[in-house]
Amino acid sequence: MSNEVKIYRYNDDISFRQCTLANSTDNLTYGDCTCFETREENWKTHYFCKQYGIHLHCTKHTEQELILLRSGTYDYWLKCPKCNKEIEIDDLNKTIQDCIKILNIPKFKDAKLIKLDDWYIPELKKEIKDEKISDYWIKSDVKTDKDGDTIVVLYVGKRDSKDKCQFFIKPEKLQLSNDYKDLDPAKILTKIEVTLKDRIIKQEYDN
């Protein structure tokens with residue numbers, strides 16, 4: 001575990017850090033947390049941060065943790081022990097939640113986007129490469145439909161053309177179909193055959 005302490009900037013007045021209790025599974029000591037509570041579990045004292053692991057610091061004097069000076073009905077006041085600057089915030093919990101959102105930015109920056117309102121959810125995509133030189137190409141895409149059933153999508157085309165035909169194989173529903181908006185399969189195929197658990201589905205094409 002790295003001992004490097006990181007201070008993150010929230011705004012011109014407030015910066016923040018995560019204490020050692022933020023993501024700790026061994027919370028038998030309070031570490032560098034300055035706002036903790038204790039609970040007795042299995043005959044041992046366990047420490048828990050009361051601020052969700054977030055501690056606010058002065059941006060100008062980052063070594064100084066801000067003191068909660070006073071709180072009113074609709075606002076809070078923080079104070080730096082070194083420069084004595086008083087900082088007003090609307091809501092302490094909201095500020096802490098905003099800090100957590102900032103910490104989450106690197107985590108979710110390159111996350112895979114799944115559109116749940118689509119008819120299907122992408123799961124696996126693969127390009128099938130022919131070791132021999134061929135005039136044709138084929139790609140497969142495994143998806144899940146709105147019923148939770150599998151859809152295997154096959155794309156087949158000629159390398160010298162952007163046109164392609166598209167097949168939908170639904171193993172659970174025992175179906176084979178093609179997209180009529182795409183290239184007519186008869187232009188490049190003579191037959192497609194799919195072996196399912198209790199049947200063989202075959203489509204033959206005659207030019």
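**Ground rules**

A polar contact here is a pair of N or O atoms within 3.5 Å; within protein, one must be able to donate a hydrogen and the other to accept it, and residues adjacent in sequence count only if both atoms are side-chain atoms. What you're looking at is a predicted model, where local features need pLDDT of at least 70 and side-chain atom pairs count only at pLDDT 80 or more, while totals for chains, interfaces and linings use all residues. Residues are numbered from 1 along each chain as its sequence is written, and side-chain values use heavy atoms, with hydrogens and water left out.

**The chain as a whole**

DSSP-wise, the chain has 1 helix and 15 strands, counting helices as H or I runs of at least four residues and strands as E runs of at least two, numbered from the N terminus. Of its 207 residues, 31% are buried, meaning under 20% relative accessible area (exposed is over 50%, partly exposed is in between; 1.4 Å probe, protein chains only).

The accessible surface of the chain adds up to about 15300 Å², and carbon and sulfur atoms own 48% of it (Shrake-Rupley, 1.4 Å probe; for residues, only the protein chains shown count as cover). Take the contacts in the chain with a separation of 6 or more: 28% of them come from residues 24 or more positions apart, a contact being heavy atoms within 4.5 Å.

**A three-stranded sheet and the helix on it**

One open sheet is built from 3 strands in the order 1-2-5, with antiparallel pairing. Strand 1 (8-9) and strand 5 (54-58) sit at the edges with a single partner strand each, so each has one side without a neighbour in the sheet. Helix 1 (residues 92-108) packs on this sheet and touches strand 1, strand 2 and strand 5, with its direction at about 95 degrees to that of strand 5; axes are lines fitted to C-alpha atoms, for helices over the stretch in contact, and angles run from 0 to 180 degrees between N-to-C directions.

Strands pair when DSSP finds at least two bridges between them. Strand 1 and strand 2 are joined by 2 bridges and run antiparallel, with a hairpin of 4 residues linking the two. On the other pairing, 5 bridges tie strand 2 (residues 14-18) to strand 5, again antiparallel. Isoleucine 14, for instance, has cysteine 58 in strand 5 as its bridge partner. Strand 2 has 4 of its 5 residues buried, so it is largely enclosed by the rest of the structure.

**Serine 15 and histidine 57**

Serine 15 belongs to strand 2 and is buried, at 3% relative accessible area. Arginine 9 stands opposite serine 15, and the bridge partner of serine 15 in strand 5 is histidine 57. The serine 15 side chain also makes a polar contact of 3.0 Å with the side chain of threonine 59. Beyond four places in sequence, serine 15 is in contact with residues including Ile7, Tyr8, Tyr10, His55 and Leu56.

Over in strand 5, histidine 57 is buried as well, with a relative accessible area of 5%. Its side chain reaches the backbone oxygen of glutamine 64 at 3.4 Å. Setting aside residues up to four places away in sequence, histidine 57 touches a list of residues, among them Asp13, Phe16, Arg17, Thr62, Glu63 and Leu66.

**An aromatic cluster**

The structure holds 4 aromatic pairs. Tyrosine 30 and phenylalanine 36 form a stacked one, 5.0 Å centre to centre with 5 degrees between the planes. The test: rings of Phe, Tyr and Trp (its six-membered ring) pair if their centres lie within 6.5 Å, and planes under 30 degrees apart count as stacked, over 60 as edge-to-face and the rest as tilted. Tyrosine 30 is partly exposed at 41% relative accessible area, and phenylalanine 36 is partly exposed at 32%.

Tyrosine 30 also pairs with tyrosine 47: the ring centres are 5.8 Å apart and the planes at 70 degrees, so this pair is edge-to-face. This pair links distant parts of the chain, 17 residues apart, with tyrosine 30 in the loop between strand 2 and strand 3 (36-41) and tyrosine 47 in strand 4 (residues 44-49). Tyrosine 47 counts as buried, at 18% relative accessibility. Put together, Tyr30, Phe36 and Tyr47 make up one aromatic cluster.
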